[in-house]
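Dear colleague,

Please find below the structure that I am handing over to you. My findings follow directly after it.

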Amino acid sequence: MPSADRPPSRRAFLDVTGVTVAAGLLAGCSGGSARSDRSVDPAPSPSATPTPVAATGRHQAGVTLPRSAQPHLLALVADLDDTVPPGPLLAELGETIQTLTAGSDPRLLGLSPGDVTVTVGVGPRLVRAVGATLPGATDLPRFSRERVDSRERGGDLLIQICAGDALLLPLAATALLDQAGDRVQERWRQFGRRGAEVPVAEDRTAPRNLLGFIDGIVGPHTDAEQERDLWLAGPPAVAGGTLAVLRRMEIDLTRFAALSVAEQEAVFGRRRASGEPLSGGGVDSAPGLNAKTPEGRYLIPVDAHVRRANPTVVGVGHMLRRSYSIDDPAPGLLFISFQNDLRTFTATLSRMDTSDALLPFTTTTASATFLILPGYEPQRPLGSTLFG
């Protein structure tokens with residue numbers, strides 16, 4: 001892990017996880033052709049052009065839009081100089097985001113922006129300066145199994161960049177940091193990549209993580225669920241925003257891989273291949289926490305992750321997760337959750353801390369929470385509802 005006085009890495013992201021597995025093979029068929037010349041395989045068709053994602057609107061892009069998160073991410077955490085007013089800086093960043101997503105920023109060096117999204121959040125210190133009771137004003141507490149340098153705990157500014165093309169990530173980051181200039185100081189950055197997407201519902205997919213399991217099955221997915229558990233309804237200064245939690249975790253892959261498949265499934269409480277709960281049903285079925293074998297043993301073990309983190313049992317709302325697998329500085333996961341109440345995360349992790357079979361395989365090395373600012377328009381700059 002980097003020391004507190006070492007500058008953050010700016011290495012480009014080169015296919016971070018290295019774990020993507022081809023889902024199938026193109027089946028070639030050589031018929032009984034009478035041609036004597038050697039046949040030539042047709043050239044592969046070009047990938048479909050990603051659908052652009054609007055930067056402006058009621059909510060910032062990069063949380064629920066696009067519906068299936070892009071495969072590549074760069075999360076950048078920075079601090080603001082104490083003398084810098086946040087409002088003008090955020091407004092400038094919002095304008096730069098619009099030029100980046102429109103493809104009109106020369107700093108993209110001619111690359112198409114595709115489906116790139118940029119999501120901006122501010123840390124508790126900046127929120128408290130406006131109002132100590134506002135959502136987002138509370139720091140994330142410390143938990144067990146943490147090994148976090150002071151440089152990688154907290155922060156004033158989050159810039160989350162997601163795209164289908166990994167080349168866009170450092171270009172967009174460079175453009176935004178260039179716009180900010182010496183008003184910000186970078187703390188740390190993390191590149192990540194999502195694994196293969198797996199269907200989990202009629203119109204929804206979720207990725208596999210480094211442990212081979214489907215990640216992010218449960219969450220507020222419908223509009224009604226998101227209004228209830230995801231988006232902030234008030235005060236007006238934050239309405240339309242949400243609260244983000246970032247936790248970078250190292251995962252002991254060697255020790256987990258040494259378990260049998262049945263033991264791995266007992267850790268999660270789900271089937272590894274299908275994602276179905278051990279209690280039965282489909283992948284999107286609610287886990288049957290009271291289901292037992294004829295001998296009286298719980299089908300989902302008492303310390304299984306899906307039981308310990310179950311929002312109904314914890315007594316909190318659902319969190320929306322857009323997590324990414326990583327392999328630098330070590331194999332693991334960049335856990336990202338969005339919720340409209342920080343207790344959704346803190347109460348869940350506190351309960352997991354007491355007895356969750358998954359946590360002993362993890363060590364948290366970075367931790368922060370941010371208020372994801374409400375959406376913006378050209379007439380209502382980014383951050384203006386909070387900072388004027």
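Arg145 is partly exposed, because its relative accessible area is 36%. In this predicted model, Arg145 belongs to the loop between α2 (124-130) and β3 (157-163). Its backbone deserves a remark: phi of Arg145 is positive, at about 60°, although the residue is not a glycine. Leu109 is a further non-glycine residue with a positive phi, near 60°. Leu109 sits in the loop between α1 and β2 (117-122), and with a relative accessibility of 66% it counts as exposed. As background, most residues other than glycine have a negative phi, and most peptide bonds are trans.

Two peptide bonds should be noted in the same context. The bond from Leu65 to Pro66 is cis, and its omega is near -5°. Pro66 is part of the segment that comes before β1 (72-80). Asp328 and Pro329 are likewise joined by a cis peptide bond, with omega at about 10°. Pro329 is located in the loop that runs between β9 (324-326) and β10.

Turning to the protein as a whole, its secondary structure consists of 10 helices and 11 strands. Of the 388 residues in the protein, 52% are buried. If one takes the contacts between residues at least 6 apart in sequence, 76% of them join residues at least 24 apart.

One helix pair may be of interest to you. How are α1 and α3 arranged with respect to one another? Helix α1 (residues 86-102) packs against helix α3 (residues 168-180) at an angle of about 150°, and the two axes are 10 Å apart. An angle over 145 degrees counts as roughly antiparallel, and α1 is therefore roughly antiparallel to α3. The crossing of α1 past α3 is right-handed. On the α1 side, the residues in contact are Leu89, Glu92, Leu93, Thr96, Ile97 and Leu100; on the α3 side, they are Ala172, Ala175, Leu176, Gln179 and Ala180. Sorted by class, this contact comprises 8 nonpolar, 2 polar and 1 charged residues.

Helix α9 (residues 342-354) permits a simple check of its geometry. Its 13 residues, at 1.5 Å a residue, should span 18 Å, and the end C-alpha atoms are 19 Å apart, so the two values agree. The buried residues of this helix are Leu342, Thr344, Phe345, Thr346, Ala347, Thr348, Leu349 and Met352. Those buried residues of α9 pack against both helices and strands, namely α7 (305-308), α8 (311-314), β7 (242-251), β10 (332-339) and β11 (362-372).

Finally, I would draw your attention to Thr205, which lies in strand β6 (residues 204-207). Is Thr205 buried, partly exposed or exposed? Its relative accessible area is 30%, and Thr205 therefore counts as partly exposed. Leaving aside residues up to four places away in sequence, Thr205 touches Ser68, Glu197, Val198, Pro199 and Val200. Thr205 and Ala69 are 136 residues apart along the chain, while their C-alpha atoms are separated by 9.5 Å.

With kind regards

Methods
Residues are numbered from 1 along each chain as its sequence is written. This is a predicted model: local features need pLDDT of at least 70, side-chain atom pairs count only at pLDDT 80 or more; totals for chains, interfaces and linings use all residues. Side-chain values use heavy atoms; hydrogens and water are left out. Axes are lines fitted to C-alpha atoms, for helices over the stretch in contact, and angles run from 0 to 180 degrees between N-to-C directions. Helices (H or I, at least four residues) and strands (E, at least two) are DSSP runs, numbered from the N terminus. Angles under 35 degrees count as roughly parallel, over 145 as roughly antiparallel, 65 to 115 as roughly perpendicular and the rest as oblique. A crossing is left-handed if the near helix is turned anticlockwise from the far one by less than a right angle, and right-handed if clockwise. Contact means heavy atoms within 4.5 Å. Ala, Val, Leu, Ile, Met, Phe, Trp, Tyr, Cys and Pro count as nonpolar, Asp, Glu, Lys and Arg as charged, and the others, Gly among them, as polar. The expected span of a helix is 1.5 Å times one less than its number of residues. Buried means under 20% relative accessible area, exposed over 50%, partly exposed in between (1.4 Å probe, protein chains only).
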